[in-house]
Amino acid sequence: MFALPKFIHEILDTLHTAGYEAYVVGGAVRDMLLGNTPSDFDITTSCPPFITATLFDKTINTGIKHGTVTVVSGGKCVEVTTYRRDLSYTDHRKPDEVDFISNLFEDLKRRDFTINAMALSSSGELIDSFNGQNDLSKKTVRAVGNPNKRFSEDALRILRAFRFSARLNFEIEEDTFNAAINTASLLKSISRERIFAELKQIILSDHPEKAEPLINCGGLAHLGITKAHDLNKLSVLPKNIKIRFFAFCEQCECSPTDVCRNLKTDNELLNYCLDMQKLLKENLSFDDIGIKKALNLAAEQVLKDCTLLPSFNNNESREEILNNIDKIIKSGEPYKLQHLKISGEDIISLSVSGKEVGKVLNYLLNKVIEKPQDNEKSRLTEMAKDFINRNAQ
């Protein structure tokens with residue numbers, strides 16, 4: 001039932017040979033019990049970190065202060081962490097210091113949720129001190145021990161609870177849920193980058209609506225996300241963070257560009273949202289002229305993504321819209337300034353300068369979008385002169 005890969009067996013065997021306990025722990029165990037292939041593996045061990053670092057040919061001292069050494073085995077990176085007891089927390093994120101211990105039970109007791117607090121030996125023995133397997137069967141996310149304490153220690157666990165609920169389609173156990181809502185204000189202390197990493201997984205899940213209670217209680221209000229409804233509508237969209245993030249912000253009735261800035265996302269996502277907003281603001285039609293104007297405002301893929309939004313396509317046939325977009329692109333008809341057969345220098349030669357050059361070029365572009373056959377230099381020059389003269393009067 002639990003077929004561990006060779007590179008994991010090699011790490012476990014090395015630690016055992018040196019006289020230490022070692023187990024696969026956390027998400028990998030949970031995923032295997034669910035019948036899924038783990039994306040990565042973590043190992044917990046009684047071996048002190050400075051000794052772990054000497055037992056393997058290639059290691060990285062990822063977080064040796066907190067007992068973690070990354071072992072490179074079979075071309076894979078595996079975090080090996082010494083059994084520990086977390087001491088005081090002052091930043092609601094990481095322990096100020098830890099005690100390295102020799103007791104697996106005490107190490108599992110410090111973990112976030114019962115479904116993540118199971119360990120697996122190299123022989124296939126499951127260590128389940130907190131009934132995680134039972135919670136898996138009941139599709140329940142339950143904190144290990146006192147949920148208020150767990151969330152106060154590390155506030156990111158609040159968001160993780162809703163992420164597991166959304167990803168696995170599990171319910172959050174009542175006490176755990178209430179504690180998450182009651183401590184949600186602590187999310188202000190978590191870095192924006194870490195919040196976005198968790199929020200992204202919720203948005204890309206099959207059940208993003210599971211996060212609505214956290215949003216509606218004000219847990220993300222400091223990011224400009226104050227309410228949410230019908231997030232289940234995201235699940236019909238492609239699993240692409242750009243389109244889903246924009247749709248998420250629409251459902252939360254918040255500015256996607258403001259949220260991008262608050263979350264410190266990359267410029268690629270921010271620019272995508274800016275383009276989306278341009279398209280929605282214009283209320284464009286889907287005839288040839290409307291599509292060319294849209295392609296001038298945003299990249300082809302952004303326009304195609306935009307047609308997925310009910311707020312954009314007005315229930316028109318998406319297939320027909322996409323066919324029209326492809327037809328326009330293949331036709332070679334002009335829809336961007338660089339498609340004009342006249343340049344800025346040509347306009348300057350007509351005694352135009354500064355911002356007026358752009359005004360003339362945009363006027364010409366709008367004209368040839370409507371009448372592509374006018375995209376000839378002589379005709380464009382004639383039209384430019386006429387526009388300049390009319391505006392000079």
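Reader: What makes the crossing in which H19 passes H20 right-handed?

Author: H19 passes H20 in a right-handed crossing, a term used if the near helix is turned clockwise from the far one by less than a right angle, with anticlockwise giving left-handed. The model is predicted, so local features need pLDDT of at least 70 and side-chain atom pairs count only at pLDDT 80 or more, whereas totals for chains, interfaces and linings use all residues. Residues are numbered from 1 along each chain as its sequence is written, and side-chain values use heavy atoms, with hydrogens and water left out.

Reader: Why is H19 called oblique to H20?

Author: Helix H19 (residues 355–370) and helix H20 (residues 377–392) pack at an angle of about 125 degrees, their axes being 10 Å apart. Angles under 35 degrees count as roughly parallel, over 145 as roughly antiparallel, 65 to 115 as roughly perpendicular, and the rest as oblique. H19 is therefore oblique to H20. The axes are lines fitted to C-alpha atoms, for helices over the stretch in contact, and angles run from 0 to 180 degrees between N-to-C directions. Helices (H or I, at least four residues) and strands (E, at least two) are DSSP runs, numbered from the N terminus.

Reader: Which residues of H19 and H20 make the contact, and how do they divide into nonpolar, polar and charged?

Author: H19 contributes Lys-359, Val-360, Tyr-363, Leu-364, Lys-367 and Val-368, and H20 contributes Leu-380, Met-383, Ala-384, Phe-387, Ile-388 and Arg-390; contact means heavy atoms within 4.5 Å. Nine of these residues are nonpolar, none is polar and three are charged. Ala, Val, Leu, Ile, Met, Phe, Trp, Tyr, Cys and Pro count as nonpolar, Asp, Glu, Lys and Arg as charged, and the others, Gly among them, as polar.

Reader: What angle do H11 and H13 make, and why are they called oblique?

Author: Helix H11 (residues 241–251) and helix H13 (residues 267–282) pack at about 60 degrees, with axes 10 Å apart. H11 and H13 are therefore oblique to each other. Their crossing is right-handed. Among the residues in contact are Phe-245 and Phe-246 of H11 and Tyr-272 and Met-276 of H13. The full set divides into eight nonpolar, one polar and three charged residues.

Reader: How do you know that Arg-167 and Asp-31 meet in a salt bridge?

Author: The N to O distance between their side chains is 3.4 Å, and a salt bridge is a side-chain nitrogen of Lys or Arg within 4 Å of a carboxyl oxygen of Asp or Glu. Arg-167 lies in helix H7 (residues 156–168) and Asp-31 in helix H2 (residues 27–33), so the pair ties together parts that are 136 residues apart in sequence. The structure holds 31 salt bridges.

Reader: Are Arg-167 and Asp-31 buried, partly exposed or exposed?

Author: Buried means under 20% relative accessible area, exposed over 50%, and partly exposed in between (1.4 Å probe, protein chains only). Arg-167, at 37%, is therefore partly exposed, and Asp-31, at 6%, is buried.

Reader: What makes Arg-85 and Asp-99 a salt bridge?

Author: Their side chains meet at 3.9 Å, N to O. Arg-85 belongs to strand E6 (residues 84–86) and Asp-99 to strand E7 (residues 98–100), so the pair ties together parts that are 14 residues apart in sequence. Arg-85 is partly exposed at 36%, as is Asp-99 at 34%.

Reader: Why does Lys-264 count as exposed?

Author: Lys-264 has a relative accessibility of 55% and therefore counts as exposed. Lys-264 is found in the loop between helix H12 (256–263) and H13, and has a positive phi of about 60 degrees although it is not a glycine.
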